[in-house]
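Here's a quick tour of how this protein is put together. Have a look at the sequence and model, then read on.

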Amino acid sequence: MRLASPTADLSVRPALPEDAPMIGDIHARTLRASLAAGLGHELDAAVREILDADHFASQWHEAITAPPSNQHRVLTALDGARVVGFAAYAPAEVPVEIVRAEQREAEDGSMLAGSDTPPTAEILALEVPAAEQRRGHGSRLLAACADLVRDQGMERVQIWIVKNDESRTRFLSEAGFAPAGARRTLDVAGDDVEEICWFAGL
């Protein structure tokens, strides 16, 4: 993969410390939209206040300047010199087990699922605000992540997305991802939001 310079029209490059404020702003906006989709209604003011851009910016600044390992990366999508999206990935702490189609039925009638957990990366964030979508930024970020984690020896990539976030679901489906069968629940100010794990082979 060629990591383009920030002067290219549309490009992807490693995130720089000075990108953190814009990354924080993008993350706050996209997370609010995704959680609202999962809840089926707008977030209340208290939850929106918790999802603070400055707080996210501080966390992403640390992720950029002091990553836990050289396998943790943050990338930015650029339109000219303007940050219009970002992605982050790391080795998956808990690789999900994919139930294979070759499930076989045991003699007692129970199902024995064949599954494996090859070296797996997890995309921790893949964020492009609505106003910047449909210009290929998400696809370029995803392709860059796939190239880099493949170079690290990963064989699979996974990502968690909010159920009912139709935009993300459509994007991942078109990119060749599929649901892994794993789910988890987030507590958002007392309301449950379900996330679904999607995966793709590399």
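## Burial and surface

Of the 202 residues in the protein, 43% are buried, meaning under 20% relative accessible area with a 1.4 Å probe and protein chains only. The accessible surface comes to about 10800 Å² (Shrake-Rupley, 1.4 Å probe), and carbon and sulfur atoms own 49% of that.

Keep in mind that this is a predicted model: local features need pLDDT of at least 70, side-chain atom pairs count only at pLDDT 80 or more, and totals for chains, interfaces and linings use all residues. Numbering runs from 1 along each chain as its sequence is written, and side-chain values use heavy atoms, with hydrogens and water left out.

## Layout

You get five helices and nine strands here, taken as DSSP runs (H or I, at least four residues; E, at least two) and numbered from the N terminus. Along the sequence they go β-α-α-α-β-β-β-β-β-α-β-α-β-β. Among contacts (heavy atoms within 4.5 Å) with a separation of 6 or more, 67% link residues 24 or more positions apart.

## The cores

The largest nonpolar core (buried Ala, Val, Leu, Ile, Met, Phe, Trp, Tyr and Cys residues joined through side-chain atoms within 4.5 Å) has 25 residues; Leu-75, Ile-123, Leu-126, Leu-141, Ile-159, Phe-177 and Trp-198 touch the most other members. At least two residues each come from β2 (73-79), β3 (82-91), β6 (120-127), α4 (137-151), β7 (156-162) and β9 (191-201). The biggest share, six residues, is α4's.

There's also a second, separate core of 23 residues, including Val-47, Phe-56, Ala-88 and Ala-125.

How values were computed:
Buried means under 20% relative accessible area, exposed over 50%, partly exposed in between (1.4 Å probe, protein chains only).
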